[in-house]
Every structure is written in C-alpha cells, then in structure tokens.
Amino acid sequence: MKSKLHHILIFLAFTLSGLGQTPYSSWELGIYGGESYYLGDLNQTHFQPLNLSFGPRLRYNFDQRIGLKGLLTIGEISADDANSSNSFNRDRNFAFTSQLIEGALVGEFNFLPYSALDSKSKLATPYLFLGIGFTKHSPKAQLNGILLSTQGLQTEGVNFKKNILSIPIGIGYKMRTNRYSFEFSWGIRKTNSDYLDDVSTNFTDASNSSGQINIANTTQYENVAHIKRGDQYNKDWYVFTGLTIFVNLTTEEVCRKM
C-alpha cells in the first residue's frame, strides 16, 4: 500500500508541477449525485447492493487535457449474508451498513481536447482519473432489526481505525454546453482497511466479551471461537458512480484567445 501511495503522490506532484495559466485554464463548480456500493467479505458482485451518494466538486482545468478535481462525497455501503448464494456466508449470517465520508484529490486526463473556453474543442470526451483520498467509515451491524455500532465492541478483538486512506481510480465521460457540463463517472476506491464491513479474520471468544453486547456470532452455532469469519488477505474496496453537473466559473477573455 505504501509503495502504491508513493507512486500516486509522484503522479499528482508531476501533474501539479505543470500547472499554470494557459489560454484554456478554468474553474468549475459542481454537484454530484449517484450510487455507492462496496466489495469485501459480504459482497463480491459489482453494482449491488446500491445505496445513495452525493457531494460537491471543484475542478481546475489546466488546459484541454489535464484537470485537477477536489471531491467531498457522502455515501453509504451495506450488505447482508442472507442474500448470498455462498453457503459459508449464509451460515455466518452477518449484515451491516456504514456511512462513508470521503475527501479526495484526483488528477484527470481527457482523451480528446475539451474546454468550455474553446468553441472548436470537442463537445464530449472520455477521461481517466487517479488520486488519493481520506475516508471516515462507521460500520454498524444489524441485529434483530437494530443497528449497533461495531467500533467499540471489537467483534474480532480488533479496535480498527475509522479514518483510512483510499485511492480513487476510475473512468468517466464528459459532455459540455457553453456554460454547463455533465459528467458520468465510475470510480473504485482501494483502501488500506479490511474492516469496512467489520469482517476480516476469525470469530472471537464470546466468553471474553466482559458483559458487552456480543454481535460477533450471528450464526446458528453456539461455539465458533477462532473459526474463520472472513478473508484477512484481501482489503475492502468501495465505489462511487453517478452524474455530476458543473457550471463554468471562468469567462473567456479576449487576451486569452489563441
């Protein structure tokens, strides 16, 4: 994870080092709305289950190809073993939901020349993005219809971090008018945590819960202490996908024309 983070920081530094005023430099302010889901121990299928996500966006376009975008996104992820086709998951019988709050900075590359300040540029283009983010998550287990925070209960004997690093990687498609632009994007986030769903290693010993409400064992079996509960060798991922509407904040000036 540290090696990948190092390469991403180099990429962003390289992008920032080239930033300066060009005839096509501009600012855009936008609002995103879409859906979110996660990939981990309770779910390995894309685009399900889906939850809502939203947040503001601010983008600086250096030129027709390179942009830098700040993201603030609030979303939710969830999954339920009862909906799995895997017998191991159904026996585990765990369900969770978690709110995500992500702040991120991503660099963008447009495949085609694209600018609201150039009427001769393309009206649409696909693009790629890569960046770095900081995410707060708060998993809650569903037990008998009641949501219980898992942070203090240490269901696997681990007091995991609620604030984690994330790496946004994704693709998108932009379309513009004179002042407004519309952006469809799909972005997956690699994290340094395996506890977005509060499932990672083995079942803990319920007898050591010291009187706490124990939600680690949601199976039908009485004693599952130290038996495998999740896959600790694969970190969790999550996805934001949806539509962003931008408004161009920079007016074209005569001296900026080429």
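Let's start with salt bridges. In this predicted model, the count comes to eight salt bridges. Why would such pairs form? Side chains of opposite charge can pair when their charged atoms come close.

Take E108 to begin with. E108 forms a salt bridge with R59. The closest N and O atoms are 3.1 Å apart. Now look at where the partners sit. E108 is in strand 4, which covers residues 95–110. R59 is in strand 2. The two are 49 residues apart, and the pair links distant parts of the chain. Are E108 and R59 buried or exposed? Both are buried.

E108 also forms a salt bridge with K69. Here the closest N and O atoms are 2.8 Å apart. K69 lies in strand 3, residues 66–80, and E108 in strand 4, so this pair ties together parts that are 39 residues apart in sequence. Both E108 and K69 are buried.

Next, find R189. Which residue does R189 form a salt bridge with? The partner is E102, with the closest N and O atoms 2.8 Å apart. R189 belongs to strand 8 and E102 to strand 4. They are 87 residues apart, so again distant parts of the chain are linked by the pair. Both R189 and E102 are buried.

Some salt bridges share partners. Which residues do they join into one network? The members are E28, R59, K69, E108, K174 and E183. You have already met R59, K69 and E108 in that list.

Stay with R59 for a moment. The charged end of R59 sits over the ring of F246. From there to the ring centre is 4.0 Å. There is another case to look at. The charged end of R229 sits over the ring of F94, 4.8 Å from the centre of that ring.

F246 brings us to G30. G30 touches F246. Leaving out residues up to four places away in sequence, G30 also touches P56, R57, T244 and I245. G30 has its place in strand 1, residues 26–39. G30 counts as buried, because its relative accessibility is 9% and the cut-off is under 20%. Now compare positions along the chain. G30 and Y180 are 150 residues apart along the chain. Their C-alpha atoms are separated by 9.4 Å.

R229 leads to R92. R92 touches R229, and G230 as well. The other contacts of R92 are D41, L42, D81, V199, F203, T218 and T219, with residues up to four places away in sequence not counted. Where is R92 found? R92 is in helix 2, residues 87–92. At 3% relative accessibility, R92 counts as buried. Here is another pair to trace. R92 and Y221 are 129 residues apart along the chain, and their C-alpha atoms are separated by 9.5 Å.

On to aromatic rings. How many aromatic pairs does the count come to? The count comes to seven aromatic pairs. Take Y127 and F129. Their ring centres are 6.2 Å apart, and their planes are at 35°, so the pair is tilted. Y127 is buried, with a relative accessible area of 1%. F129 is buried too, with a relative accessible area of 8%.

Then there is the pair of F160 and Y195. This aromatic pair is stacked. The distance is 5.2 Å centre to centre, with 5° between the planes. F160 lies in the loop between strand 6 (146–149) and strand 7 (163–176). Y195 lies in the loop between strand 8 (180–191) and strand 9 (237–248). So the pair ties together parts that are 35 residues apart in sequence. F160 is buried, with a relative accessible area of 6%. Y195 is buried as well, with a relative accessible area of 9%.

One last residue: N51. N51 lies in strand 2, residues 51–61. Is N51 buried or exposed? N51 is buried, with a relative accessible area of 13%. What lies 3.5 Å from a polar atom of its side chain? The backbone oxygen of E76 does. Leaving aside neighbours within four places in sequence, N51 is in contact with G34, E35, S36, E76, I77 and S78.

Terms used:
Residues numbered from 1 in each chain as written. Predicted model: local features only at pLDDT ≥ 70, side-chain atom pairs only at ≥ 80, totals over all residues. Heavy atoms only, no water. Helix = DSSP H or I, 4+ residues; strand = E, 2+ residues; numbered from the N terminus. Buried < 20%, exposed > 50% of the residue type's maximum accessible area, 1.4 Å probe, protein only. Polar contact = N/O pair within 3.5 Å; in protein donor to acceptor, adjacent residues only side chain to side chain. Contact = heavy atoms within 4.5 Å. Phe/Tyr/Trp six-rings, centres within 6.5 Å; stacked < 30°, edge-to-face > 60°. Lys NZ or Arg CZ within 6 Å of the ring centre and 35° of its normal. Salt bridge = Lys/Arg side-chain N within 4 Å of Asp/Glu carboxyl O.
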